[in-house]
Amino acid sequence: MTTTTATTYPTQQATEDQKLTDMQRYLFDLRGYLVLENAIEPALLSALNSKLDEYIDMQPPLEHGQWVGAVQAHTFGGDDGLNLQQIYEAGTAFQQLIDHPSWYARVLELIGSEHNFDNHHGPMFIDENFASLRGSGQAIGMHSGKAEGSTRIQYRFENGAFHCAQVNVLMALTDIGPGDGGTMLIPGSHKSNLRHPQQDTHAIAQGKNTSVDGVEGAIEVHMNAGDVLVFCDATCHGSARRINEGLRRVVVYRYGPSWGFFRHPYRPSADLLSQLSERQRKIVWPHGTIDRTPNRIPDYPSPERDIV
Ligand SMILES: O=C(O)CCC(=O)C(=O)O
């Protein structure tokens, strides 16, 4: 196995206007991912962790399927830990992550929708967002890679611009070092044409406790709390098995073009939508509806939700 720590890029000065540097562009195209150091400021990091403590400390402990307001505890059925789906519903700290200045402009550039019809409904769209809490012995198996041929996660670079259909921002809320179950990626697999020969034994699978440990060509990403990993979902990935005690805490927001739709049948609450800025609302639910009036059929119902 080849395991190296990812090269990182400081972003303390990141602002909304700050796009990728030439080196970040080059390396993202080459590898399919970037690490942004210190992307989440200490006060926000602490607020995010305090809120997660409330979910973690709940008694009796949260189980798959249970709701806390508009947040749902969820597992994929394997031993990949507990997810808190719709975590952007968990208060203002999580709302700030929707268009955080450390990654907003960079993600926009990677989706490549700023100057084409992909921004028809808004700048971008979050199709899934969750916190992942993973304990000792847990991991997520290998998945994605260009060879799967999925349009939803595809990587494309054309006419000097990125056009990633799904960009994941994976935020470390705890330090993630050796033994902590770091994310593992196969650099370059967002462009690779062949299925990895070890995919069958390491792939994510219902009821199987797989991980990316031991996969040829994979690297394990180590981060400090507050760093974020930005990667095109087409890059084959998963995680190492956590062997240390305690919980690895990460939050993942997945961004794509505005025409996308939700991965799971979750929808944002009216409460959340009423608290967001105009830009955040466009990212959380860009899709408007149109009244079916005037109508030749009296009292014909209009679509149930019109948020724009
Ligand atoms: O949990 C991880 O480190 C990997 C996350 C992952 O597999 C995903 O976001 O699709």
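Here are three short exercises on this predicted model, each with a worked solution.

**Exercise 1. The sheet**

Task: Find which strands stand at the edges of the open sheet, and explain why one side of each is left without a neighbour.

Solution: Start with the order of the three strands, which is β11-β10-β13, with antiparallel pairing. Now look at the two ends of that order: β11 (219–220) and β13 (237–239) each have a single partner strand, so one side of each has no neighbour in the sheet. Next, take a look at the pairing of β10 (residues 183–185) with β11, where two bridges join the antiparallel strands. To find your place there, locate L185, which lies opposite I219 of β11.

**Exercise 2. The ligand shell**

Task: Work out which strand gives the largest share of the shell around the ligand, and how the shell residues divide into nonpolar, polar and charged.

Solution: First list the surrounding residues: S132, I140, N168, L170, T183, H237, G238, S239 and V252. Then turn to the strands: β9 (167–172) and β13 each supply at least two shell residues. The largest share belongs to β13, with three residues. Finally, sort the shell by type, which gives six polar, three nonpolar and no charged residues.

**Exercise 3. The core**

Task: Identify which residues touch the most other members of the largest nonpolar core, then trace the contacts of V169.

Solution: This core holds 73 residues, and those touching the most other members are V107, V169, M171, V228 and V230. Now pick V169 and set aside its neighbours within four places in sequence; its contacts are then W103, V107, V228, V230, Y253 and Y255.

Key
Residues are numbered from 1 along each chain as its sequence is written. This is a predicted model: local features need pLDDT of at least 70, side-chain atom pairs count only at pLDDT 80 or more; totals for chains, interfaces and linings use all residues. A nonpolar core is a set of buried Ala, Val, Leu, Ile, Met, Phe, Trp, Tyr and Cys residues joined through C-beta atoms within 7 Å. A residue is buried if 20 or more other C-beta atoms lie within 10 Å of its own, exposed if 12 or fewer, and partly exposed in between; C-beta atoms are placed from the backbone. Two residues are in contact if their C-beta atoms, placed from the backbone, lie within 7 Å. Two strands pair if DSSP finds at least two bridges between them. Helices (H or I, at least four residues) and strands (E, at least two) are DSSP runs, numbered from the N terminus. A residue is near a molecule or strand if its C-beta atom, placed from the backbone, lies within 6 Å of it. Ala, Val, Leu, Ile, Met, Phe, Trp, Tyr, Cys and Pro count as nonpolar, Asp, Glu, Lys and Arg as charged, and the others, Gly among them, as polar.
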